[in-house]
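Me: Please take a close look at the part of this model that surrounds the ligand, and walk me through it in one connected answer.

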Amino acid sequence: MRIVLLGAPGSGKGTQAKKLMADKEIPQVSTGDMLREAVASGTRFGVKAKAVMDAGDLVPDEVVLGIISERLAKPDAENGFILDGFPRTTQQAVDLEELLDEMETPLDTAVLMDVDFDILLKRLTGRRTCSLTGQLLNVYFSSQEELDACTSAGGELIQREDDNEETISNRLDVYRENTEPLIDFYRKRGKLVTINAEGTIDEVYERLLEALAA
Ligand code: AMP
């Protein structure tokens, strides 16, 4: 199974990709996570990438393509992969198509995760990670018990650096301008399925599995 999860920041791509990865035993390939690792490692490239990411802008196409082609060549991606946050521009989609053609492993499906704008904003501004467990939580949607479980165990609820309001607004603009055209790109190729990505994580996951089975 080779799939792209398409959707605005906050549509739940990462959350759903992790569930699918555990069930189907294929890797989640997240360019955002890989870039954050590069930033954490403090290399010169990481320092440059951090400035772009903190502003909510896009890292250059050739950089992410390099990261993706290395990652997809690894043995664990042989049986499939879930692309999360890539492609984000038409150029990246074209490059991905070429890369997969060369590897003779074309994409099966692009799943568009559809979420209302107001919910996206709450998901992004409310998103926190428990510093102890790495669990993803949300101050608007998680239960008080879940939030308290983290803090009373001595953990902190950490907010991603690019989840502040100014950067979020730019990330959503960047999505509209650069990534939304990919909806048509995959529709024209007969690869697009759209799911309603509102509701609980489990409800969305059910819809995702149904869409992939169809
Ligand atoms: P994400 O975790 O997918 O929201 O990505 C966080 C940030 O990493 C984005 O706002 C971009 O700055 C950068 N990034 C991630 N994936 C890509 C991509 N495919 N192309 C360009 N920049 C990306």
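Reply: For sorting the residues by class, Ala, Val, Leu, Ile, Met, Phe, Trp, Tyr, Cys and Pro count as nonpolar, Asp, Glu, Lys and Arg as charged, and the others, Gly among them, as polar. On that basis, the shell around the ligand in this predicted model has 6 nonpolar, 4 polar and 6 charged residues. Of the 16 residues around the ligand, those that come nearest are Thr 31, Arg 36, Asp 57, Gly 85 and Gln 92. Helix 2, which spans residues 31-41, gives the most to this shell, with 4 residues.

Three of the contacts can be described atom by atom. In the side chain of Thr 31, an N or O atom is 2.8 Å from a nitrogen atom of the ligand, and an N or O atom in the side chain of Gln 92 is likewise 2.9 Å from a ligand nitrogen. With Asp 57 it is a backbone N or O atom that lies 2.5 Å from an oxygen atom of the ligand. Taken alone, the ligand exposes 480 Å², and the protein buries 96% of that area.

For the surface of the protein, one further feature can be set beside this site: Val 139, Tyr 140 and Phe 141 form a nonpolar patch there, with about 300 Å² of accessible area together. Within this patch, Phe 141 lies in the loop between strand 6 (136-138) and helix 7 (144-152). Phe 141 counts as partly exposed because its relative accessibility is 48%, and the label exposed is kept for values over 50%.

Definitions and conventions: Residues numbered from 1 in each chain as written. Predicted model: local features only at pLDDT ≥ 70, side-chain atom pairs only at ≥ 80, totals over all residues. Heavy atoms only, no water. Near = heavy atom within 4 Å. Polar contact = N/O pair within 3.5 Å; in protein donor to acceptor, adjacent residues only side chain to side chain. Areas by Shrake-Rupley, 256 points an atom, 1.4 Å probe, with all protein chains shown as cover. Helix = DSSP H or I, 4+ residues; strand = E, 2+ residues; numbered from the N terminus. Patch = residues over 30% accessible without salt bridge, like charges linked within 9 Å, V, L, I, M, F, W, Y side chains within 5 Å. Salt bridge = Lys/Arg side-chain N within 4 Å of Asp/Glu carboxyl O. Buried < 20%, exposed > 50% of the residue type's maximum accessible area, 1.4 Å probe, protein only.
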